[in-house]
Every structure is written in C-alpha cells, then in structure tokens.
Amino acid sequence: MARTKRARTTKQGGKRSMAAARLSNLPDLILQYILRFHARKVRSSGRHTVKTYKDQQLNTIVLAQFIVVMITDKSKERLSDTCNMGLQAKKRLSPKKGETSGVRQWPDLPEQLLSLIARQSTLMQNLSFGGFTKAWRAAPRQCNPSENSPWLHPYPDINDGNGTINISHTFNIVFRRGVYSWYGRWPYQPPWKRFLGYSHGVLMAEEAVPSHLCLCNPVTNGQWRSPPPWNTHIPSRFSVLSLSPSESYDNCFMTVLTGISRPAFMLYRFGGPYEWIKQDCNLVDPYAPNQQYMQFTNAIGFNGKVYALSLQGTLVVIEHIDSQFKITASSSSRAVPSVSSKHFKEYLVQFDGEIFLIFLIFQKPINVADDVEVFRLQFPRLSWVKVKSLGEKALFAGAKTCMWVTASKVGCRSNCIYFSHHRGPGWSLYDMESGNISPEQSCLQDNFWMNNR
C-alpha cells in the first residue's frame with residue numbers, strides 16, 4: 001500500500017514537472033491571463049478567502065496541461081491575440097473610477113422582517129424604493145432654507161449607486177418557490193435586472209436589454225403591460241407611479257427621473273397614448289448656484305399626483321391636466337436637515353395618508369449616522385414640519401429601502417427608526433423620544449425584537 005501511494009505520488013510529481021516545463025514555453029500573455037483567472041477571490045461559507053500561492057500554482061499547472069495539448073505552434077500566436085483582445089474587452093467593461101458594479105439585494109431589511117413579509121405579503125404595501133445621499137459643497141454652520149445656504153451635490157455612496165448604471169438587483173423575498181404546471185414544478189425566472197422603483201405594489205425595473213422596462217407584481221409574479229422601449233441615451237435614475245394601476249388604470253402615469261434638467265422627466269400614461277413624453281424643466285431652482293434649472297433625484301406618488309424632490313431640496317407637484325403633464329406647485333421651504341452635517345441620506349415615504357421625509361444625518365467623515373430627523377409635508381402650503389413622535393409606528397431604512405410598520409403587529413419597538421450602516425453589516429436604532437442611537441449589532445437582538453405573532 002505504501003509503495004503504491006509513493007509511486008502514485010512520484011508519478012503525479014513527474015506529470016507536474018512536465019507540465020511546468022511545458023508551461024514555460026507558453027506566451028507571457030497567456031500565463032498572465034491564467035494567473036489572473038486563478039488569483040481571484042472565492043466565496044466560502046459566507047466569507048471571502050483567497051487561494052494560497054501553492055493552490056494557484058497547482059491549479060495553473062493542471063490548466064496548463066489542457067492548454068498545452070490544445071495549442072499547436074501555429075495557433076500560439078492566434079491564441080495570444082485572442083487573449084489580448086479578451087483582456088482589453090474586460091478592461092473596457094470594468095467600471096470606471098467612482099462607479100460601482102455588482103448585485104444588490106432588495107429589499108435590504110432585517111432577516112426577521114423579511115421572514116414576516118414572506119408570510120404576510122400585504123406588508124409589501126408599506127415598502128418604498130429609494131434613499132438618495134447628498135453632500136454639501138461646503139459644511140454649513142446651520143442648514144436653513146436661505147439663498148445664502150451652500151448648494152448640494154450627489155454623494156458617491158457605493159450602496160446607493162448614485163450616478164451608476166452597473167448595478168443589478170435581485171428580489172430578496174421568496175413568496176413561492178416556483179409555478180406548478182402539468183409537467184411538474186419549474187422555477188420562476190424574473191425578467192428584471194436593475195430596479196428603478198417600487199410604488200403602489202408595482203416593481204419597475206430594467207430588463208436584460210436596457211431599452212426594455214417591465215412592471216411586475218413581486219408577490220404574484222404578474223406583469224402589467226410593458227411601457228414603450230426606452231431611449232438608452234437618456235439616463236434613468238428613479239421611477240414612481242402616481243397611483244395603483246388596479247385602482248385606476250387609465251389615470252395612472254409612470255414618471256422616470258433622469259437626474260438632469262433636459263429632459264427632467266420621462267412620463268408614460270397607462271391610458272394612452274403608447275409613447276414616452278419628454279418633459280423639460282425650465283424652473284430655476286431657488287437654492288441652486290448660477291441660476292441652474294431643477295434636477296430631480298427623488299419622488300413619491302400620492303393621490304394621483306407625483307411629488308418630486310430636486311437635488312437642492314425643492315419639492316414640486318406633477319399632474320396630468322388637459323392631456324398635458326404640468327408642474328402645478330412648488331414647496332415653500334427647503335427639504336434639508338435642521339442640524340449641521342457633512343452629508344445626509346433622504347427617504348420619501350407615505351403612511352397614514354401623509355408624506356414623510358426621513359433624514360439620516362452624517363456629521364463626521366465616516367459613514368455612520370449621528371442623528372435622525374423626520375419631517376411631515378404640510379398641505380396646502382407644501383412646507384416641511386418636523387415630527388417629534390411616530391406614535392405606534394416604526395420605520396426601517398436600508399440602503400435603497402424604506403418601510404413603515406405598526407410596531408404592535410410586527411413585534412418591534414414603537415416610535416423608533418431602524419437604519420442600516422453604509423460601510424458594513426449591522427443595524428442601529430434611533431429612539432424618537434430620547435434621541436439616542438443604540439450600539440451596533442444590538443438593536444435587533446431578542447431584547448429589542450419580540451416574538452412575531
């Protein structure tokens with residue numbers, strides 16, 4: 001037995017030596033490609049581990065055995081050119097500096113809450129898609145809605161994907177594993193790739209082909225009629241519905257924010273005509289420098305209208321009147337935190353028949369929230385009033401998710417805001433009554449989260 005094992009080891013060592021000798025004859029570019037291929041990170045048991053150099057060397061030799069057999073002297077030059085083209089293509093497709101890529105799970109909520117939503121799908125109506133981070137050009141002593149206040153710009157948050165189109169999304173809740181047919185059970189293949197918004201129970205997303213948009217119900221996997229093909233030369237940052245299509249299909253319209261002023265919106269009315277309508281914004285933002293036109297970054301559909309928030313904090317109302325889309329009103333106060341901050345993250349959410357604006361405030365360079373503020377939109381002046389208590393409600397704010405719940409029905413603490421961290425796992429809790437933020441990793445433990453009914 002020992003001799004057989006020793007002979008097998010010697011035989012394998014001889015094969016590796018021969019493969020190593022043949023490996024030295026390969027072009028340098030092919031060796032570079034192989035080493036890049038085997039030097040990547042692999043995921044194991046939820047942790048990132050890097051293969052050791054010995055493992056890389058052995059795997060490289062094994063792969064080289066296959067390559068050497070397949071390569072002839074005449075095809076080496078051709079394969080070298082092919083590898084060169086592949087590396088150049090990979091370099092072109094890699095994200096630029098300041099951009100991010102990868103897959104994001106949505107909704108990004110605590111596991112306890114995701115499990116509850118999977119059992120009680122009606123809670124999906126409490127969800128909203130969004131969360132946009134802004135930073136001040138200069139740190140103000142007090143952020144007040146005056147003409148002398150500094151202006152805002154998008155903050156490059158890797159979880160937001162601000163200004164990025166390289167992010168794709170997956171739906172993070174499983175309501176059913178598949179669909180039954182006469183031939184058995186087959187898994188449902190969702191059409192979406194990048195989410196644009198979630199409004200009134202409808203998920204709006206880009207498909208694998210960016211010019212194709214889909215409107216889906218993630219609970220039933222049903223789909224509404226797809227909008228017309230999208231012009232990929234126009235950026236698509238955020239999307240919202242004015243009301244639920246099941247409530248009034250003909251009067252429902254879809255608004256896509258572009259993040260620029262020309263066009264500022266792309267609108268599609270479900271009742272026709274079957275086309276996108278470009279809407280420029282010729283309104284000067286009162287808080288922007290150099291008389292700039294408004295650029296919109298966040299919105300919410302409410303009572304058949306769309307309330308859009310500009311980059312500088314001006315709120316406008318979009319309505320469909322006399323077969324035309326018009327901006328009918330604008331806010332009388334600026335939507336910014338009342339305390340000093342380096343940057344902040346804003347969420348628009350609707351509950352109890354009102355519109356609320358939540359701020360996660362960052363007063364230090366590190367991405368850990370130091371304060372939280374909640375404002376309520378007051379009608380008809382369209383002014384923001386600070387809220388001191390949420391009553392029996394609680395809010396959950398993830399990277400691109402905001403959800404309100406009734407604390408007694410869900411089992412969490414009332415009059416609190418749960419929020420996730422930007423640069424790592426973990427959730428914190430902000431108590432509206434005391435104004436204190438609980439330590440990391442402790443807000444969702446058993447003493448904070450009661451048994452779900």
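How much area does the protein chain expose, and what share of it do carbon and sulfur atoms supply? The chain exposes about 24400 Å², and carbon and sulfur atoms supply 51% of that (areas come from the Shrake-Rupley method with a 1.4 Å probe, and for residues only the protein chains shown count as cover). Keep in mind that this is a predicted model, where local features need pLDDT of at least 70, side-chain atom pairs count only at pLDDT 80 or more, and totals for chains, interfaces and linings use all residues. Residues are numbered from 1 along each chain as its sequence is written, and side-chain values use heavy atoms, with hydrogens and water left out.

Now for the overall build. The chain has 6 helices and 29 strands (DSSP runs numbered from the N terminus, with helices being H or I of at least four residues and strands E of at least two). Of its 453 residues, 46% are buried, meaning under 20% relative accessible area.

Let's pick out one sheet. Four strands form an open, antiparallel sheet in the order E18-E19-E20-E21, where pairing takes at least two DSSP bridges between two strands. Strand E18 (296-302) and E21 are its edges, each pairing on one side only. Strand E20 (residues 315-321) runs antiparallel to E21 over 6 bridges, and one bridge links Ile 318 to Ile 327 in E21.

Follow the chain on from there. The loop between strand E21 (324-330) and strand E22 (343-351) holds Ser 341. Ser 341 is buried, at a relative accessible area of 2%. The C-alpha atoms of Ser 341 and Ile 361 are separated by 6.3 Å, though the two are 20 residues apart along the chain.

Note on methods:
Buried < 20%, exposed > 50% of the residue type's maximum accessible area, 1.4 Å probe, protein only.
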